[in-house]
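This report goes through one structure, from a small sheet to the whole chain. Please keep the sequence and the coordinates at hand while reading.

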Amino acid sequence: MSKILIMTDSACDISEAEEKELSIDILPFPIMLGGKSYISRVDFDNEQFYKLMSEHDEIPKTSQITPYQFVQIYLERAKKGYEHIVFVSINSKGSMTNQNAIQAIDMFYEENPEYKDKVFIHVFDGIGYNCFYGTPVVKAAKMNQSGASIDEILAYLKESLDQREVFFGIFDLKYAAKSGRIPTAAALIGKMLDIKPIMRILNNEITTAVKCRGEKKMMEKLADIAIQEMEPNSPYQLIYGSDKEALEYLHKVMVERLGYEPEDYFQIGAAIAANAGPKVVGVGLNRKK
């Protein structure tokens, strides 16, 4: 049986418990905030990161993982005896990390020809953020632990990533305005009118699905849209940030309307919080075929 490594990056927001239980190799992104450099998932947990954000008015800046770093990462894993390295990256349109991972494959073999035809590297574009690709990575890791073949794992990832979709609501527009997601003027007007946008992640893009007035209306509309889009009776995941009460309300609405519990929970890390702020809620799902 081949020795397979399931690897991803920290924008997947997979919980530390699942990371350890399923032996998922999560590469952390460097983050700059307040003139200091941090390593996500190493120097702080999500709650500590939200606190750091509250102490600084600037937007945190994440750095990509470079081709040279990937060469070293591949070499370290190859030395551990892995025959297949399966890497699922952050959205390729939001970061050069995916392209760098692909570029590094040839560099790795050029510098380490002894691993040619012995170690095989498979890179997937995660297409989105958070549970958009975090959920497929978790399931691929479970398949790996259950003894699935590399062909089965690769086929699953290809199919599942194409079916994914995420909707999430933004509570504080100032982060979206500063990050360039929406114009500053629109954010100021939205704040005065108590407008809460629901964002959609699909096909490598983040777009505004609908705008609502008020937090509860936004969460109810979020549930409506998610249920309308999802494959009937399929699992779903809930996304949350710093506000546990918002998560509880969305959970209540989703369970009342669907009749069953979410499959998993994903708390947003730096990649989403830097652009949307620490207070968000959302739903990850598989779209109707």
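How many bridges join β3 to β4? In this predicted model, the number is 4, and the two strands run antiparallel.

## The three-stranded sheet

Strands β3 and β4 belong to an open sheet of 3 strands, whose order is β4-β3-β5 and whose pairing is antiparallel. The edges are formed by β4 (36-39) and β5 (61-62), each of which pairs on one side only. On its β5 side, β3 (residues 30-33) is held in the antiparallel sense over 2 bridges, and I31 stands opposite T62 of β5. On the β4 side, L33 has K36 as its bridge partner.

The hairpin of β3 and β4 has 2 residues between the strands, and within this hairpin G34 adopts a positive phi near 65 degrees. In a regular strand, side chains alternate between the two faces of the sheet. Strand β3 shows such an alternation: I31 and L33 point to one face and are buried, whereas P30 and M32 point to the other face and are not buried.

## A pair of buried asparagines

Two asparagines from separate loops can be read together. N91 is placed in the loop between β6 and α4 (97-111), while N204 is found in the loop between β9 (195-202) and β10 (205-213). With a relative accessibility of 2%, N91 counts as buried; N204, at 16%, also counts as buried, because the cut-off for that class is under 20% relative accessible area.

Which side chain does the side chain of N91 meet in a polar contact? The partner is the side chain of N204, at 2.6 Å. When residues up to four places away in sequence are not counted, N91 touches D125, I127, G128, Y129 and N204. With neighbours within four places likewise left aside, the contacts of N204 are N91, S92, K93, D125 and I127. D125 and I127 therefore appear in the contact lists of both asparagines, given that contact means heavy atoms within 4.5 Å.

## Helix α6 and its surroundings

Helix α6 (residues 150-163) has 14 residues, which at 1.5 Å a residue should span 20 Å; the C-alpha atoms at its ends are 20 Å apart, so the expected and the modelled lengths agree. The expected figure is 1.5 Å times one less than the number of residues.

Along this helix, the buried residues are I150, I153, L154, L157, S160, L161 and Q163. The elements that cover them include the strands β1 (4-9), β6 (84-89), β7 (120-125), β8 (164-170) and β13 (280-286), together with the helix α5 (131-145).

## Nonpolar cores

In soluble globular proteins, nonpolar side chains tend to be buried together. Here the largest nonpolar core has 75 residues, and F49, F70 and Y74 are those with the most contacts inside it. The element that gives the most to this core is α5, with 7 residues. Apart from this core lies another one of 23 residues, which includes A226, Y240, L250 and V283.

What does Y74 touch, not counting residues up to four places away in sequence? Its contacts are M7, I85, A101, A104, I105, F108, I121 and V123.

## A246 in helix α10

A246 is located in helix α10 (residues 244-258) and, at 5% relative accessibility, counts as buried. Leaving aside neighbours within four places in sequence, A246 is in contact with F171, M219 and V281. The C-alpha atoms of A246 and F171 are separated by 10.0 Å, although the two residues are 75 residues apart along the chain.

## The chain as a whole

The protein chain has 11 helices and 13 strands, and 52% of its 289 residues are buried. Among contacts between residues at least 6 apart in sequence, 74% join residues at least 24 apart.

Along its principal axes, the C-alpha trace spans about 65 × 45 × 30 Å. For 289 residues, a compact globule would have a radius of gyration near 19 Å, and the protein chain has 19 Å, so the value agrees with that expectation.

Technical notes:
Residues are numbered from 1 along each chain as its sequence is written. This is a predicted model: local features need pLDDT of at least 70, side-chain atom pairs count only at pLDDT 80 or more; totals for chains, interfaces and linings use all residues. Side-chain values use heavy atoms; hydrogens and water are left out. Two strands pair if DSSP finds at least two bridges between them. Buried means under 20% relative accessible area, exposed over 50%, partly exposed in between (1.4 Å probe, protein chains only). A nonpolar core is a set of buried Ala, Val, Leu, Ile, Met, Phe, Trp, Tyr and Cys residues joined through side-chain atoms within 4.5 Å. The radius of gyration is taken over C-alpha atoms; the globule rule is 2.2 Å times the number of residues to the power 0.38. A polar contact is a pair of N or O atoms within 3.5 Å; within protein, one must be able to donate a hydrogen and the other to accept it, and residues adjacent in sequence count only if both atoms are side-chain atoms.
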